Amino acid sequence: MSATDGAEFARLKAQLAIERQAREEEARQAREQIESLTRANDALGKAIGLLQQLSVRQGPTNGE
């Protein structure tokens with residue numbers, strides 16, 4: 001392997017490391033977004049359940 005080949009190999013290896021790090025960061029951000037959306041979905045589900053309980057307790061309204 002010539003010095004030029006070695007330099008090219010080192011450059012490609014460094015580029016791959018940069019790309020791998022970028023993919024890992026994107027995956028981390030996606031996991032965080034999924035966790036955030038899951039928490040929001042759970043909270044909305046609980047809120048809907050509470051509203052349904054209130055609606056059942058209050059019975060029909062004048063509009064129904």
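User: I'd like to start with E32. Is this residue buried, partly exposed or exposed?

Analyst: Happy to start there. This is a predicted model, and the general idea is to compare a residue's relative accessible area with two cut-offs: under 20% is buried, over 50% is exposed, and anything in between is partly exposed. E32 has a relative accessible area of 42%, so it is partly exposed.

User: And which residue does E32 form a salt bridge with?

Analyst: To read a salt bridge, look for a side-chain nitrogen of Lys or Arg within 4 Å of a carboxyl oxygen of Asp or Glu. E32 meets that with R28, where the closest N and O atoms are 2.3 Å apart. Both residues sit in helix 1, with their positions four residues apart in the count, about one turn of the helix. R28 is itself partly exposed, at a relative accessible area of 31%.

User: What else is linked with R28 and E32 in a network of salt bridges?

Analyst: Here you follow one residue from bridge to bridge. E25 also pairs with R28, and the closest N and O atoms are again given as 2.3 Å apart. E25 and R28 are three residues apart in helix 1, about one turn. Together, E25, R28 and E32 form a linked network. E25 is partly exposed too, with a relative accessible area of 33%.

User: How many salt bridges does the structure hold?

Analyst: Three. Besides the two at R28, there is a bridge between R11 and E8, with the closest N and O atoms 2.8 Å apart. Those two residues lie three apart in helix 1, which covers residues 3-58. R11 is partly exposed at 47% relative accessibility, and E8 is partly exposed at 35%.

User: Let's zoom out. How many helices and strands does the chain have?

Analyst: Counting the secondary structure gives one helix and zero strands. To judge the overall form, set the radius of gyration against the globule rule: the chain has 27 Å, well over the 11 Å that the rule gives for 64 residues, so it is more spread out than a compact globule. The C-alpha trace spans about 85 × 15 × 10 Å along its principal axes.

User: What percentage of the residues is buried?

Analyst: Buried residues come to 0% of the 64 in the chain. The accessible surface is about 6000 Å², and carbon and sulfur atoms account for 57% of that.

User: Last one: how many positive and negative side chains are there?

Analyst: For charge, count each sign and then compare where the two sets are centred. This chain has 9 positive and 10 negative side chains, with the centres of the two sets 5 Å apart.

Terms used: Residues numbered from 1 in each chain as written. Predicted model: local features only at pLDDT ≥ 70, side-chain atom pairs only at ≥ 80, totals over all residues. Heavy atoms only, no water. Rg over C-alpha atoms; globule rule 2.2 N^0.38 Å. Buried < 20%, exposed > 50% of the residue type's maximum accessible area, 1.4 Å probe, protein only. Areas by Shrake-Rupley, 256 points an atom, 1.4 Å probe, with all protein chains shown as cover. Lys, Arg positive; Asp, Glu negative; His and termini not counted. Charge placed at Lys NZ, Arg CZ, Asp CG, Glu CD.
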